[in-house]
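Trainee: Please take me slowly through the salt bridges of this model, and through the surroundings of the residues that form them.

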Amino acid sequence: MPGTCVIGLQWGDEAKGKLVDILTGDHDVVVRYAGGANAGHTVVSGGQTWKLSLIPSGILRDGVTCVVTGGVVLDPASAIREIEGLESRGVRVDGKLLVSDRAHVVFPWHIEEDRILNAALSGGEAIGTTGRGIGPCYRDKVGRSLAIRLGDLYRDTFPAKLREIVRVKNQSLASWGVETPLDAAAIEADYARFATRLRPLVADTTAFLLDAAEAGQRLLFEGAQGALLDVDHGTYPFVTSSNSSGVGVAAGSGVPGRWVDRVIGVLKAYSTRVGGGPLPTEQDNATGQYLRDRGNEYGTVTRRPRRCGWFDAVAARYTARLSGVDELAVMLLDVLGGLDEIKVCTAYEIDGRRTTQFPSHVDDLRKAVPVYETLPGWQGEIADVRDHAALPREARAYLARLAELVGRPVTVASVGPDRDQTMFLPAAGARPWPRAQSKTPAKA
Ligand code: IMP
C-alpha cells in the first residue's frame, strides 16, 4: 500500500501542518524524516491552536502512529517540552510516538556553535538560522567522530564518549572566544534524565516502517522546511542542513521511494522567507507589509518577521519537478484579497538574459530580476468560501494560472488556518482527499 508525501515547495512555512492533519485521516503512520526543532507547524482544529515542532501533527489524532526517524536531529529537552505540552492538554503521546535510536542528538555545544558560526564566521550575509543547533549537529553527524545518536545514550560507553567530546568542544569554543567551558558532568546528568524520559519511545524506526509498509499500512511522510532550503538542491548556503525537498524522504526515513506514490507539493499563494539569502520576488515595501500583516507572517519558532513577496513560478516549477510532485495545494489564498492586482514571477532576467531555469548558484539568483505577469486581484474576504466554484472569478483564474505555470494541477486551496477552511478542487486524474475524517481528533 504505497504512501503519501507532503513537501513544501518554497522556503518553508507553507502551512504543511494543516494538510498533514487532514491527510492523517487516511493514513496509519505519520513520519517526520528530516530537520529538527527548527521546524514549526501550526494546526488549528476545532477552534484550538496547536504548535508543534518535532512531533508530527498526526499526534493530534487517535489510531495513528507518529514516527521521528533517524534523518532527524533531536534536541531531547525540546522534544520532552513538546511532549509534556501535549500531555498537559490531554493528548496521549506514549504508545503513539516512536523516535529513532539512529537520530542524532543536539547538545548544548551545537546551539552555542550555531550562534557563533551564524553570527561571526559565515562571511558576508548571515544564514540567519533558527539557532536550534541544527547545522552543527548535522555537521558532526557527517563528521562522525564527535557525534552521539540517541541509541548511544543507553550504552555504558556514553559517559566516556561525552567527556571526550566535551573536552574537544571546549577547546574549539575557547578559540571562538567562549570563556565559560561546558560542564561535562552537568550535561551527562541532564541527558541521562532525558534518556530515561524518552526510553519508552525509542525504537528502530527503519525496521518499524519497512514492516509497516510491507504489511500494507498507509504511510504519510511529513516534510519539514521547504525544498528551496534543501542542503543539496536549495539556495545554498542559505539553506538548512538536511534534504528538505522530496529527495530526502528515502534517505531520512529508510523507506525506499517506491513506497511513495503520491507527492503533494504545498505552496503559499505568495512567497515568504525567513533568515538570509536571496528572495527574488521580495517586496520590501507596503505590499510586503500587507502580506505580512494579513498572513501573520512571523516565524512559529523564532517569531522573526518573514520577508514577503510575490509568487515565484520559476522557483516553484523547479521544486515541483525536483520533489516529483503530482499535485499542488495552494495555501493562504485569502491573504491576497483586497489587492487591485497580483503579480506572478514567470521568468528571471540574469545578466540581461531571460530564463525560466532556477539558477544553481546563489550569486546568479541574487542577480535575478523577476519578470512579472500581472493578474487582476479581487475585493472582499474569501475566508468563508468552501467551494471552489464560489470563489471570485479572479481567484479561480489565479489558481488556474499557478497550475499552468508550475505544471501541476491544483487540488487544494486553503483560505484560513482552520481545517474547515479548505476546498478540494476537481482535477483530471487527481486522487481523492479525505473529506469525512475517519480518525477521531484527539480531545483537548
Ligand atoms: P537552520 O535550519 O536553523 O540551520 O536555519 C537555516 C535556514 O533555514 C535559515 O534561513 C532558517 O530561517 C531557515 N529555516 C529553518 N527551518 C525553517 C522553517 O521551519 N521554516 C522556515 N525557514 C526555516
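Mentor: Let me begin with K96, which is buried at a relative accessible area of 3% (buried means under 20%, exposed over 50% and partly exposed in between, with a 1.4 Å probe and protein chains only). Bear in mind that the model is predicted, so that local features need pLDDT of at least 70 and side-chain atom pairs count only at pLDDT 80 or more, whereas totals for chains, interfaces and linings use all residues. Residues are numbered from 1 along each chain as its sequence is written, and side-chain values rest on heavy atoms, with hydrogens and water left out.

The side chain of K96 meets that of D62 in a salt bridge, at 3.8 Å from N to O (a side-chain nitrogen of Lys or Arg within 4 Å of a carboxyl oxygen of Asp or Glu). Because K96 sits in the loop between helix 2 (76-88) and strand 7 (97-100), while D62 belongs to the loop between strand 4 (48-52) and strand 5 (65-68), the contact ties together parts that are 34 residues apart in sequence; helices (H or I, at least four residues) and strands (E, at least two) are DSSP runs numbered from the N terminus. The burial of K96, at 3%, is not shared by D62, which is partly exposed with a relative accessible area of 35%.

A second pair to examine is R102 with D204, whose side chains form a salt bridge at 2.8 Å, N to O. Here distant parts of the chain are linked, since R102 lies in the loop between strand 7 and strand 8 (104-105) and D204 in the loop between strand 9 (202-203) and helix 7 (205-214), 102 residues apart. R102 counts as partly exposed at 32% relative accessibility, and D204, at 34%, is partly exposed as well.

The third pair joins two strands: the side chains of E327 and R262 meet in a salt bridge of 2.7 Å, N to O, with E327 in strand 15 (residues 327-331) and R262 in strand 11 (residues 260-268), so that this contact links distant parts of the chain, 65 residues apart. Both E327 and R262 are buried.

Beyond these pairs, D13, K268, E297 and R306 belong to one network, joined by salt bridges that share partners. Under the distance rule given above, the count for the model comes to 30 salt bridges, among them the K96 to D62 contact with which we began.
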